[in-house]
Amino acid sequence: MTHAADDRKFSVLIAGGGSTYTPGIVLTLLNGLDKFPLRKLKFYDNDGERQKKIADAARILVKERAPEIEFEATTNPAEAFTDVDFVMAQIRVGKYAMRSLDEKIPLKHGVVGQETTGPGGIAYGLRSIPGVIELVDYMEKYSPNAWMLNYSNPAAIVAEATRRLRPNSKIINICDMPIGIMDRMAQIVGLKDRNDLVFRYYGLNHFGWWTDVRDKTGKDLMPQLKKHVAKHGYLVDDDYEEGIEPSWEETFKMAADVYALDPTTLPNTYLKYYMYPTQVVKHSDPNYTRTDEVEDHRQKLVFGECARIVENGTAKDTGFKPDDHSTYIVDLCTAIAYDTKQRMLAIIPNEGAISNIDPTAMVEVPCLFGANGAERLAMGKAATYQTGMITEQNSVEKLAVDALLEHSYTKLWQAFSLCKIVPDAGIAKDILDDMIVANKDYWPELN
Ligand code: NAD
Ligand code: G6P
Ligand code: MN
(Lines give C-alpha, C1' and ligand atoms only; values in the text may rest on other atoms or scores of the structure.)
(Ligands and ions follow the chains in the order given, each with its own letter.)
Protein backbone atom coordinates (compact mmCIF):
# COMPACT_ATOMS: atom_id res chain seq x y z
CA MET A 1 0.00 0.00 0.00
CA THR A 2 2.86 2.42 0.71
CA HIS A 3 4.28 4.09 -2.36
CA ALA A 4 7.92 4.25 -3.31
CA ALA A 5 7.86 8.04 -3.43
CA ASP A 6 6.09 8.29 -0.10
CA ASP A 7 8.48 7.87 2.79
CA ARG A 8 6.29 9.41 5.48
CA LYS A 9 6.25 7.85 8.93
CA PHE A 10 3.58 8.85 11.40
CA SER A 11 3.42 9.96 15.00
CA VAL A 12 0.47 8.49 16.93
CA LEU A 13 -0.82 9.51 20.35
CA ILE A 14 -3.11 7.23 22.36
CA ALA A 15 -5.10 9.49 24.71
CA GLY A 16 -6.33 7.34 27.55
CA GLY A 17 -3.05 5.41 27.51
CA GLY A 18 -4.21 3.59 30.64
CA SER A 19 -7.20 2.10 28.78
CA THR A 20 -7.69 -1.66 28.77
CA TYR A 21 -7.83 -1.37 24.95
CA THR A 22 -4.36 0.20 24.61
CA PRO A 23 -2.23 -3.00 24.38
CA GLY A 24 -4.40 -4.30 21.52
CA ILE A 25 -3.82 -1.09 19.58
CA VAL A 26 -0.06 -1.23 20.20
CA LEU A 27 0.05 -4.81 18.91
CA THR A 28 -1.95 -3.88 15.81
CA LEU A 29 0.28 -0.88 15.08
CA LEU A 30 3.43 -2.99 15.45
CA ASN A 31 2.02 -5.76 13.22
CA GLY A 32 1.02 -3.27 10.53
CA LEU A 33 4.11 -1.11 10.12
CA ASP A 34 4.39 -2.09 6.45
CA LYS A 35 0.97 -0.50 5.82
CA PHE A 36 1.11 2.32 8.38
CA PRO A 37 4.73 3.15 9.31
CA LEU A 38 5.40 4.88 12.62
CA ARG A 39 8.19 7.13 13.81
CA LYS A 40 6.68 7.90 17.22
CA LEU A 41 4.16 6.34 19.60
CA LYS A 42 3.02 8.29 22.63
CA PHE A 43 0.58 7.68 25.49
CA TYR A 44 -1.30 10.39 27.37
CA ASP A 45 -3.50 9.94 30.44
CA ASN A 46 -4.41 12.08 33.43
CA ASP A 47 -3.79 9.11 35.74
CA GLY A 48 -0.04 8.57 35.47
CA GLU A 49 0.01 5.60 37.78
CA ARG A 50 -2.59 3.64 35.84
CA GLN A 51 -1.01 4.53 32.51
CA LYS A 52 2.49 3.51 33.69
CA LYS A 53 1.41 -0.11 34.16
CA ILE A 54 0.44 -0.35 30.48
CA ALA A 55 3.27 1.90 29.26
CA ASP A 56 6.04 -0.12 30.93
CA ALA A 57 4.87 -3.21 29.04
CA ALA A 58 4.35 -1.28 25.79
CA ARG A 59 7.89 0.11 26.00
CA ILE A 60 9.25 -3.45 26.06
CA LEU A 61 7.02 -4.46 23.14
CA VAL A 62 8.16 -1.51 21.02
CA LYS A 63 11.81 -2.00 21.89
CA GLU A 64 11.70 -5.68 20.92
CA ARG A 65 9.71 -5.34 17.72
CA ALA A 66 10.52 -1.89 16.32
CA PRO A 67 13.32 -0.19 18.25
CA GLU A 68 13.44 2.64 15.70
CA ILE A 69 10.08 3.93 16.97
CA GLU A 70 10.37 6.57 19.67
CA PHE A 71 8.11 5.70 22.62
CA GLU A 72 6.94 8.08 25.34
CA ALA A 73 4.26 8.05 28.05
CA THR A 74 3.30 11.30 29.73
CA THR A 75 0.64 13.14 31.73
CA ASN A 76 1.82 16.46 30.32
CA PRO A 77 -0.54 17.69 27.55
CA ALA A 78 2.12 19.80 25.79
CA GLU A 79 4.55 16.89 25.57
CA ALA A 80 1.80 14.50 24.55
CA PHE A 81 0.10 16.56 21.86
CA THR A 82 3.14 18.19 20.23
CA ASP A 83 4.29 16.67 16.91
CA VAL A 84 1.41 14.26 16.46
CA ASP A 85 -0.31 13.14 13.23
CA PHE A 86 -3.11 11.03 14.71
CA VAL A 87 -4.76 11.00 18.13
CA MET A 88 -6.58 7.82 19.09
CA ALA A 89 -8.83 8.85 21.99
CA GLN A 90 -10.32 6.38 24.46
CA ILE A 91 -10.75 8.11 27.81
CA ARG A 92 -13.26 7.20 30.49
CA VAL A 93 -13.98 10.25 32.64
CA GLY A 94 -14.82 9.01 36.14
CA LYS A 95 -13.33 5.60 35.35
CA TYR A 96 -14.97 2.31 36.34
CA ALA A 97 -16.04 3.68 39.74
CA MET A 98 -18.45 6.08 38.03
CA ARG A 99 -19.48 3.55 35.34
CA SER A 100 -20.54 1.29 38.16
CA LEU A 101 -22.88 3.98 39.51
CA ASP A 102 -24.23 4.69 35.98
CA GLU A 103 -25.32 1.04 35.95
CA LYS A 104 -26.42 0.58 39.56
CA ILE A 105 -28.43 3.78 40.18
CA PRO A 106 -31.01 3.19 37.39
CA LEU A 107 -31.26 -0.51 38.31
CA LYS A 108 -32.12 0.48 41.87
CA HIS A 109 -35.18 2.17 40.34
CA GLY A 110 -36.01 -0.83 38.14
CA VAL A 111 -34.56 0.74 34.96
CA VAL A 112 -31.84 -0.60 32.63
CA GLY A 113 -28.38 0.34 33.95
CA GLN A 114 -25.94 0.54 31.03
CA GLU A 115 -22.69 2.29 30.10
CA THR A 116 -24.04 4.16 27.05
CA THR A 117 -27.81 3.56 27.18
CA GLY A 118 -30.57 5.37 29.07
CA PRO A 119 -29.89 7.38 32.24
CA GLY A 120 -26.47 5.76 32.73
CA GLY A 121 -25.37 6.76 29.24
CA ILE A 122 -26.67 10.30 29.68
CA ALA A 123 -24.88 10.64 33.04
CA TYR A 124 -21.65 9.43 31.42
CA GLY A 125 -22.22 11.89 28.56
CA LEU A 126 -22.23 14.87 30.89
CA ARG A 127 -18.93 13.69 32.40
CA SER A 128 -17.30 12.78 29.11
CA ILE A 129 -17.99 15.88 26.99
CA PRO A 130 -15.64 18.32 28.81
CA GLY A 131 -12.89 15.66 28.83
CA VAL A 132 -13.12 15.03 25.09
CA ILE A 133 -13.35 18.76 24.26
CA GLU A 134 -10.18 19.27 26.31
CA LEU A 135 -8.39 16.66 24.17
CA VAL A 136 -9.58 18.36 20.96
CA ASP A 137 -8.30 21.71 22.21
CA TYR A 138 -4.91 20.26 23.14
CA MET A 139 -4.64 18.71 19.68
CA GLU A 140 -5.51 21.98 17.93
CA LYS A 141 -3.08 23.94 20.08
CA TYR A 142 -0.07 21.66 19.76
CA SER A 143 -0.67 19.75 16.47
CA PRO A 144 -3.21 21.71 14.42
CA ASN A 145 -2.91 19.40 11.39
CA ALA A 146 -3.61 16.20 13.29
CA TRP A 147 -6.75 14.03 13.10
CA MET A 148 -8.50 12.59 16.14
CA LEU A 149 -10.35 9.28 15.96
CA ASN A 150 -12.48 9.21 19.08
CA TYR A 151 -13.82 6.06 20.74
CA SER A 152 -14.55 7.78 24.10
CA ASN A 153 -18.14 7.01 25.01
CA PRO A 154 -21.01 7.67 25.01
CA ALA A 155 -20.08 8.33 21.39
CA ALA A 156 -23.57 9.48 20.35
CA ILE A 157 -23.77 12.25 22.96
CA VAL A 158 -20.07 13.14 22.69
CA ALA A 159 -20.50 13.44 18.90
CA GLU A 160 -23.49 15.77 19.29
CA ALA A 161 -21.36 17.92 21.59
CA THR A 162 -18.34 18.04 19.27
CA ARG A 163 -20.65 18.91 16.34
CA ARG A 164 -21.98 21.89 18.28
CA LEU A 165 -18.91 23.04 20.18
CA ARG A 166 -16.08 22.27 17.73
CA PRO A 167 -17.80 22.07 14.31
CA ASN A 168 -14.58 22.59 12.34
CA SER A 169 -12.30 20.33 14.34
CA LYS A 170 -10.70 17.27 12.79
CA ILE A 171 -12.37 14.82 15.16
CA ILE A 172 -14.22 11.76 13.89
CA ASN A 173 -16.30 9.82 16.42
CA ILE A 174 -16.34 6.08 15.96
CA CYS A 175 -17.69 2.84 17.39
CA ASP A 176 -16.48 -0.75 17.21
CA MET A 177 -19.84 -2.49 17.77
CA PRO A 178 -20.95 -2.78 14.13
CA ILE A 179 -17.35 -3.73 13.31
CA GLY A 180 -17.39 -6.61 15.76
CA ILE A 181 -20.80 -7.69 14.43
CA MET A 182 -19.54 -7.58 10.83
CA ASP A 183 -16.59 -9.80 11.75
CA ARG A 184 -19.24 -12.19 13.05
CA MET A 185 -21.27 -11.83 9.83
CA ALA A 186 -18.15 -12.69 7.81
CA GLN A 187 -17.66 -15.80 9.92
CA ILE A 188 -21.31 -16.82 9.52
CA VAL A 189 -21.07 -16.71 5.71
CA GLY A 190 -17.55 -18.19 5.60
CA LEU A 191 -15.56 -15.10 4.57
CA LYS A 192 -12.21 -14.03 6.05
CA ASP A 193 -13.24 -10.80 7.77
CA ARG A 194 -15.46 -7.69 7.69
CA ASN A 195 -13.44 -6.14 4.87
CA ASP A 196 -14.83 -8.83 2.55
CA LEU A 197 -18.33 -7.38 3.07
CA VAL A 198 -20.03 -4.46 1.31
CA PHE A 199 -22.85 -3.09 3.41
CA ARG A 200 -25.53 -0.47 3.88
CA TYR A 201 -26.26 0.59 7.48
CA TYR A 202 -28.01 3.54 9.08
CA GLY A 203 -29.07 4.91 12.46
CA LEU A 204 -27.59 6.61 15.48
CA ASN A 205 -24.65 5.26 17.45
CA HIS A 206 -25.57 1.99 19.25
CA PHE A 207 -28.92 2.40 17.50
CA GLY A 208 -28.71 1.24 13.90
CA TRP A 209 -29.67 -1.34 11.28
CA TRP A 210 -28.09 -3.08 8.28
CA THR A 211 -30.31 -2.96 5.20
CA ASP A 212 -27.96 -4.74 2.83
CA VAL A 213 -24.89 -6.98 3.14
CA ARG A 214 -23.11 -8.45 0.13
CA ASP A 215 -19.81 -10.06 -0.77
CA LYS A 216 -17.41 -8.40 -3.20
CA THR A 217 -19.04 -10.12 -6.18
CA GLY A 218 -22.36 -8.49 -5.29
CA LYS A 219 -23.95 -11.68 -3.95
CA ASP A 220 -26.72 -10.86 -1.45
CA LEU A 221 -25.76 -12.35 1.93
CA MET A 222 -28.82 -11.12 3.83
CA PRO A 223 -30.88 -14.36 3.45
CA GLN A 224 -28.08 -16.51 4.90
CA LEU A 225 -27.37 -14.00 7.68
CA LYS A 226 -31.05 -13.65 8.60
CA LYS A 227 -31.42 -17.40 8.86
CA HIS A 228 -28.51 -17.53 11.30
CA VAL A 229 -29.56 -14.48 13.32
CA ALA A 230 -33.16 -15.70 13.67
CA LYS A 231 -31.82 -18.84 15.35
CA HIS A 232 -28.55 -17.90 17.09
CA GLY A 233 -28.46 -14.11 17.09
CA TYR A 234 -24.87 -13.10 16.35
CA LEU A 235 -23.33 -15.99 18.31
CA VAL A 236 -20.73 -17.88 16.27
CA ASP A 237 -18.76 -21.11 16.70
CA ASP A 238 -15.66 -19.23 17.94
CA ASP A 239 -17.60 -18.01 20.98
CA TYR A 240 -17.84 -21.56 22.23
CA GLU A 241 -14.28 -22.46 21.27
CA GLU A 242 -12.62 -19.32 22.67
CA GLY A 243 -15.01 -18.64 25.55
CA ILE A 244 -17.27 -15.62 25.88
CA GLU A 245 -18.29 -13.58 28.91
CA PRO A 246 -21.86 -14.37 30.05
CA SER A 247 -23.20 -10.83 29.48
CA TRP A 248 -21.89 -10.68 25.90
CA GLU A 249 -23.22 -14.18 25.21
CA GLU A 250 -26.68 -13.00 26.24
CA THR A 251 -26.37 -9.81 24.17
CA PHE A 252 -25.35 -11.62 20.99
CA LYS A 253 -28.07 -14.21 21.53
CA MET A 254 -30.76 -11.56 22.10
CA ALA A 255 -30.10 -10.11 18.64
CA ALA A 256 -32.50 -12.88 17.52
CA ASP A 257 -35.37 -11.26 19.47
CA VAL A 258 -34.46 -7.80 18.21
CA TYR A 259 -34.32 -9.10 14.64
CA ALA A 260 -37.78 -10.64 15.03
CA LEU A 261 -39.28 -7.17 15.45
CA ASP A 262 -38.05 -6.07 12.01
CA PRO A 263 -37.08 -8.99 9.79
CA THR A 264 -36.37 -6.66 6.86
CA THR A 265 -33.11 -5.48 8.48
CA LEU A 266 -30.33 -6.79 10.74
CA PRO A 267 -29.98 -4.96 14.07
CA ASN A 268 -27.22 -3.51 16.22
CA THR A 269 -27.02 -5.49 19.47
CA TYR A 270 -27.62 -2.36 21.61
CA LEU A 271 -31.24 -2.17 20.42
CA LYS A 272 -32.07 -4.93 22.92
CA TYR A 273 -32.03 -2.35 25.72
CA TYR A 274 -34.68 -0.24 23.99
CA MET A 275 -36.90 -3.07 22.77
CA TYR A 276 -36.73 -5.45 25.75
CA PRO A 277 -35.89 -3.33 28.82
CA THR A 278 -38.11 -5.39 31.15
CA GLN A 279 -36.31 -8.60 30.23
CA VAL A 280 -32.90 -6.94 30.54
CA VAL A 281 -33.70 -5.61 34.03
CA LYS A 282 -35.00 -9.03 35.06
CA HIS A 283 -31.70 -10.60 34.03
CA SER A 284 -29.58 -7.91 35.77
CA ASP A 285 -28.05 -8.20 39.22
CA PRO A 286 -28.06 -4.71 40.76
CA ASN A 287 -25.10 -5.69 42.95
CA TYR A 288 -22.97 -7.16 40.15
CA THR A 289 -23.20 -5.26 36.89
CA ARG A 290 -21.07 -5.20 33.72
CA THR A 291 -18.46 -3.00 35.44
CA ASP A 292 -17.85 -5.69 38.05
CA GLU A 293 -17.48 -8.25 35.28
CA VAL A 294 -14.99 -5.99 33.41
CA GLU A 295 -12.97 -5.37 36.58
CA ASP A 296 -12.89 -9.09 37.37
CA HIS A 297 -12.10 -10.15 33.83
CA ARG A 298 -10.76 -7.78 31.14
CA GLN A 299 -9.06 -5.33 33.48
CA LYS A 300 -7.40 -8.16 35.43
CA LEU A 301 -6.26 -9.92 32.26
CA VAL A 302 -4.81 -6.77 30.69
CA PHE A 303 -3.04 -5.43 33.76
CA GLY A 304 -1.91 -8.93 34.77
CA GLU A 305 -0.36 -9.52 31.34
CA CYS A 306 1.38 -6.11 31.45
CA ALA A 307 2.80 -6.91 34.89
CA ARG A 308 4.02 -10.29 33.61
CA ILE A 309 5.78 -8.67 30.63
CA VAL A 310 7.48 -6.14 32.89
CA GLU A 311 8.52 -8.80 35.39
CA ASN A 312 10.00 -11.04 32.68
CA GLY A 313 11.54 -8.10 30.83
CA THR A 314 10.23 -9.48 27.53
CA ALA A 315 6.99 -9.52 25.53
CA LYS A 316 8.12 -12.20 23.07
CA ASP A 317 5.51 -14.66 24.34
CA THR A 318 2.69 -12.19 24.97
CA GLY A 319 -0.93 -13.21 24.60
CA PHE A 320 -1.96 -9.67 23.56
CA LYS A 321 -3.35 -9.72 20.05
CA PRO A 322 -5.10 -7.45 17.57
CA ASP A 323 -8.91 -7.36 17.79
CA ASP A 324 -11.80 -5.60 16.04
CA HIS A 325 -11.40 -2.48 18.21
CA SER A 326 -7.72 -2.05 17.42
CA THR A 327 -7.74 -3.06 13.75
CA TYR A 328 -10.64 -0.69 13.03
CA ILE A 329 -8.98 2.45 14.40
CA VAL A 330 -5.70 1.59 12.66
CA ASP A 331 -7.59 0.94 9.38
CA LEU A 332 -9.23 4.37 9.70
CA CYS A 333 -5.91 6.17 10.27
CA THR A 334 -4.36 4.30 7.35
CA ALA A 335 -7.23 5.28 5.05
CA ILE A 336 -6.90 8.95 6.02
CA ALA A 337 -3.10 8.91 5.76
CA TYR A 338 -3.07 7.35 2.28
CA ASP A 339 -6.37 8.78 1.00
CA THR A 340 -7.65 5.30 0.15
CA LYS A 341 -11.42 6.13 0.16
CA GLN A 342 -12.07 2.85 1.99
CA ARG A 343 -15.74 2.49 2.95
CA MET A 344 -16.16 2.35 6.73
CA LEU A 345 -18.64 3.59 9.36
CA ALA A 346 -18.44 6.87 11.26
CA ILE A 347 -20.73 9.00 13.41
CA ILE A 348 -21.17 12.25 11.50
CA PRO A 349 -23.69 15.07 10.92
CA ASN A 350 -26.59 13.62 8.92
CA GLU A 351 -26.90 16.41 6.34
CA GLY A 352 -29.15 14.27 4.18
CA ALA A 353 -27.46 10.89 4.51
CA ILE A 354 -30.77 9.62 5.97
CA SER A 355 -33.11 11.78 3.92
CA ASN A 356 -36.11 11.96 6.27
CA ILE A 357 -34.13 12.49 9.53
CA ASP A 358 -33.10 15.82 11.10
CA PRO A 359 -30.09 17.08 9.08
CA THR A 360 -28.36 18.04 12.34
CA ALA A 361 -28.63 14.55 13.89
CA MET A 362 -25.31 12.79 14.42
CA VAL A 363 -25.90 9.58 12.47
CA GLU A 364 -23.87 6.45 11.93
CA VAL A 365 -23.55 5.65 8.22
CA PRO A 366 -20.91 4.29 5.85
CA CYS A 367 -18.39 6.91 4.72
CA LEU A 368 -15.46 7.03 2.33
CA PHE A 369 -12.30 7.66 4.37
CA GLY A 370 -9.49 9.73 2.90
CA ALA A 371 -7.37 12.83 3.27
CA ASN A 372 -10.51 14.93 3.84
CA GLY A 373 -11.69 12.69 6.66
CA ALA A 374 -15.08 10.97 6.30
CA GLU A 375 -17.36 11.61 3.31
CA ARG A 376 -20.85 10.30 4.05
CA LEU A 377 -22.78 8.04 1.67
CA ALA A 378 -26.51 8.54 1.17
CA MET A 379 -28.55 5.74 2.77
CA GLY A 380 -31.97 6.99 1.60
CA LYS A 381 -35.12 7.06 3.69
CA ALA A 382 -35.50 5.47 7.12
CA ALA A 383 -38.56 3.21 7.38
CA THR A 384 -41.49 4.27 9.60
CA TYR A 385 -40.44 2.16 12.59
CA GLN A 386 -36.82 3.35 12.46
CA THR A 387 -37.89 6.97 11.87
CA GLY A 388 -39.90 6.94 15.10
CA MET A 389 -37.14 5.29 17.10
CA ILE A 390 -34.36 7.54 15.74
CA THR A 391 -36.34 10.75 16.14
CA GLU A 392 -37.07 10.05 19.80
CA GLN A 393 -33.53 8.92 20.66
CA ASN A 394 -31.94 11.83 18.78
CA SER A 395 -34.02 14.24 20.88
CA VAL A 396 -32.77 12.51 24.05
CA GLU A 397 -29.16 12.98 22.93
CA LYS A 398 -29.71 16.63 21.96
CA LEU A 399 -31.48 17.40 25.26
CA ALA A 400 -28.57 15.88 27.20
CA VAL A 401 -26.13 18.25 25.46
CA ASP A 402 -28.54 21.21 25.91
CA ALA A 403 -28.76 20.41 29.63
CA LEU A 404 -24.99 20.46 30.04
CA LEU A 405 -24.50 23.69 28.06
CA GLU A 406 -27.43 25.50 29.70
CA HIS A 407 -26.94 23.95 33.17
CA SER A 408 -30.61 23.04 32.92
CA TYR A 409 -32.23 20.60 35.35
CA THR A 410 -35.44 20.62 33.33
CA LYS A 411 -33.74 19.69 30.05
CA LEU A 412 -31.91 16.84 31.75
CA TRP A 413 -35.15 15.62 33.30
CA GLN A 414 -36.74 15.79 29.84
CA ALA A 415 -33.84 13.76 28.42
CA PHE A 416 -34.22 11.08 31.08
CA SER A 417 -37.99 10.87 30.77
CA LEU A 418 -38.08 10.89 26.95
CA CYS A 419 -35.73 7.94 26.89
CA LYS A 420 -37.66 4.87 25.72
CA ILE A 421 -36.40 2.67 28.55
CA VAL A 422 -37.61 4.97 31.37
CA PRO A 423 -41.27 4.26 32.17
CA ASP A 424 -42.36 7.69 33.43
CA ALA A 425 -41.28 11.18 34.43
CA GLY A 426 -41.51 10.43 38.15
CA ILE A 427 -39.03 7.56 37.94
CA ALA A 428 -36.88 9.72 35.64
CA LYS A 429 -36.76 12.39 38.36
CA ASP A 430 -35.87 9.90 41.10
CA ILE A 431 -32.97 8.55 39.03
CA LEU A 432 -31.85 12.05 38.05
CA ASP A 433 -31.79 13.24 41.66
CA ASP A 434 -29.60 10.27 42.67
CA MET A 435 -27.36 10.88 39.64
CA ILE A 436 -26.85 14.53 40.57
CA VAL A 437 -25.48 13.51 43.96
CA ALA A 438 -23.27 10.78 42.47
CA ASN A 439 -21.84 13.13 39.80
CA LYS A 440 -21.23 16.15 42.01
CA ASP A 441 -17.50 16.18 41.20
CA TYR A 442 -18.16 16.13 37.44
CA TRP A 443 -21.41 17.89 36.50
CA PRO A 444 -22.04 21.63 36.64
CA GLU A 445 -24.67 22.78 39.10
CA LEU A 446 -28.07 22.47 37.42
CA ASN A 447 -30.74 25.15 37.78
P1 NAD B 1 -10.40 2.45 31.12
O2 NAD B 1 -11.00 3.08 32.33
O3 NAD B 1 -9.65 1.18 31.22
O4 NAD B 1 -9.42 3.53 30.43
C5 NAD B 1 -9.73 4.86 30.30
C6 NAD B 1 -8.50 5.70 30.66
O7 NAD B 1 -8.86 7.08 30.48
C8 NAD B 1 -8.03 5.56 32.12
O9 NAD B 1 -6.68 5.20 32.17
C10 NAD B 1 -8.26 6.95 32.71
O11 NAD B 1 -7.29 7.33 33.65
C12 NAD B 1 -8.19 7.83 31.47
N13 NAD B 1 -8.85 9.13 31.61
C14 NAD B 1 -10.02 9.41 32.21
N15 NAD B 1 -10.29 10.72 32.09
C16 NAD B 1 -9.28 11.29 31.39
C17 NAD B 1 -9.02 12.60 30.94
N18 NAD B 1 -9.88 13.61 31.18
N19 NAD B 1 -7.87 12.83 30.26
C20 NAD B 1 -7.00 11.83 30.01
N21 NAD B 1 -7.22 10.55 30.40
C22 NAD B 1 -8.35 10.29 31.08
O23 NAD B 1 -11.60 2.29 30.10
P24 NAD B 1 -11.83 1.26 28.90
O25 NAD B 1 -12.86 0.27 29.33
O26 NAD B 1 -10.56 0.77 28.37
O27 NAD B 1 -12.54 2.20 27.84
C28 NAD B 1 -11.94 3.40 27.40
C29 NAD B 1 -12.94 4.25 26.67
O30 NAD B 1 -13.19 3.71 25.38
C31 NAD B 1 -14.31 4.35 27.33
O32 NAD B 1 -14.86 5.63 27.10
C33 NAD B 1 -15.11 3.32 26.59
O34 NAD B 1 -16.48 3.54 26.68
C35 NAD B 1 -14.59 3.57 25.21
N36 NAD B 1 -14.84 2.53 24.24
C37 NAD B 1 -15.58 2.90 23.18
C38 NAD B 1 -15.85 2.01 22.19
C39 NAD B 1 -16.70 2.46 21.06
O40 NAD B 1 -17.28 1.65 20.38
N41 NAD B 1 -16.83 3.77 20.81
C42 NAD B 1 -15.35 0.72 22.27
C43 NAD B 1 -14.59 0.36 23.36
C44 NAD B 1 -14.32 1.29 24.35
C1 G6P C 1 -18.78 -2.29 22.48
C2 G6P C 1 -19.27 -0.91 22.19
C3 G6P C 1 -18.53 0.11 23.02
C4 G6P C 1 -18.61 -0.23 24.47
C5 G6P C 1 -18.12 -1.63 24.70
C6 G6P C 1 -18.42 -2.00 26.13
O7 G6P C 1 -17.49 -2.45 22.02
O8 G6P C 1 -19.15 -0.55 20.86
O9 G6P C 1 -19.07 1.37 22.77
O10 G6P C 1 -17.82 0.65 25.24
O11 G6P C 1 -18.79 -2.54 23.86
O12 G6P C 1 -17.71 -3.08 26.43
P13 G6P C 1 -17.43 -3.55 27.91
O14 G6P C 1 -16.75 -4.83 27.63
O15 G6P C 1 -16.55 -2.48 28.54
O16 G6P C 1 -18.74 -3.68 28.59
MN1 MN D 1 -19.59 1.67 20.67
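Helices (H or I, at least four residues) and strands (E, at least two) are DSSP runs, numbered from the N terminus. The model shown in every view is predicted.

**View 1. Residues around ligand 1.** The shell around ligand 1 consists of 26 residues, and the closest are Ser19, Asp45, Tyr96, Glu115 and Tyr124. Sorted by class, this shell holds 9 nonpolar, 9 polar and 8 charged residues.

**View 2. Polar contacts of ligand 1.** The side chain of Asn46 has an N or O atom 3.3 Å from a nitrogen atom of ligand 1. Tyr151 takes part through its backbone, where an N or O atom is 2.9 Å from a nitrogen atom of the ligand. Asp176 likewise uses a backbone N or O atom, which lies 2.9 Å from an oxygen atom of ligand 1. The protein buries 96% of the 860 Å² that ligand 1 exposes when taken alone.

**View 3. Residues around ligand 2.** Ligand 2 is surrounded by 13 residues; Arg99, Asn153, Asp176, Arg290 and Arg298 are the closest. The shell comprises 6 nonpolar, 2 polar and 5 charged residues. Asp176 also has a backbone N or O atom 2.9 Å from an oxygen atom of ligand 1, and Glu115 is listed with the closest residues to ligand 1.

**View 4. Polar contacts of ligand 2.** An N or O atom in the side chain of Arg290 lies 2.5 Å from an oxygen atom of ligand 2. The side chain of Glu115 contributes an N or O atom at 2.9 Å from an oxygen atom of this ligand. Met177 contributes a backbone N or O atom, 3.3 Å from an oxygen atom of ligand 2. On its own ligand 2 has 390 Å² of accessible area, of which the protein covers 89%.

**View 5. The cis peptide bond at Pro154.** Asn153 and Pro154 are joined by a cis peptide bond with omega of about -10°. Most peptide bonds are trans. Pro154 sits in the loop between strand S5 (147-150) and H6, and H6 spans residues 155-165. Asn153, on the other side of the cis bond, is one of the closest residues to ligand 2.

**View 6. The largest cavity.** The whole structure contains 3 cavities of 30 Å³ or more. The volume of the largest is about 120 Å³. It is lined by 16 residues, and Thr116, Ala156, Tyr274, Gln393 and Glu397 are the closest to its centre. Helix H5 (118-142), helix H6 (155-165) and helix H16 (384-406) each give at least two residues to the lining. By class, the lining has 7 nonpolar, 8 polar and 1 charged residues.

**View 7. Lys341 in its loop.** Lys341 is not a glycine, yet its phi is positive, at about 60°. Most residues other than glycine have a negative phi. Lys341 is found in the loop between helix H15 (324-338) and strand S10 (342-349).

**View 8. The annotated domain, residues 201-418.** UniProt, in an unreviewed entry, assigns the feature "domain: Glycosyl hydrolase family 4 C-terminal" to residues 201-418. The C-alpha atoms at the two ends of residues 201-418 are 25 Å apart. Helix makes up 52% of the span and strand 17%.

Technical notes
Residues are numbered from 1 along each chain as its sequence is written. Chains are lettered from A and ligands numbered from 1 in the order in which they are written. This is a predicted model: local features need pLDDT of at least 70, side-chain atom pairs count only at pLDDT 80 or more; totals for chains, interfaces and linings use all residues. Side-chain values use heavy atoms; hydrogens and water are left out. A residue is near a molecule or strand if one of its heavy atoms lies within 4 Å of it. A polar contact is a pair of N or O atoms within 3.5 Å; within protein, one must be able to donate a hydrogen and the other to accept it, and residues adjacent in sequence count only if both atoms are side-chain atoms. Accessible areas come from the Shrake-Rupley method with a 1.4 Å probe; for residues, only the protein chains shown count as cover. Ala, Val, Leu, Ile, Met, Phe, Trp, Tyr, Cys and Pro count as nonpolar, Asp, Glu, Lys and Arg as charged, and the others, Gly among them, as polar. On a 1 Å grid over the protein atoms alone, a cavity is a set of points where a 1.4 Å probe fits but cannot get out, and a pocket is an open set with protein on both sides within 12 Å along at least five of seven lines; lining residues have an atom within 4 Å of a point. Grid points are joined across faces, edges and corners, and a volume is the space filled by probe spheres set on the points. UniProt positions are given in the numbering used here, feature names are shortened, and annotations may be inferred rather than shown by experiment.
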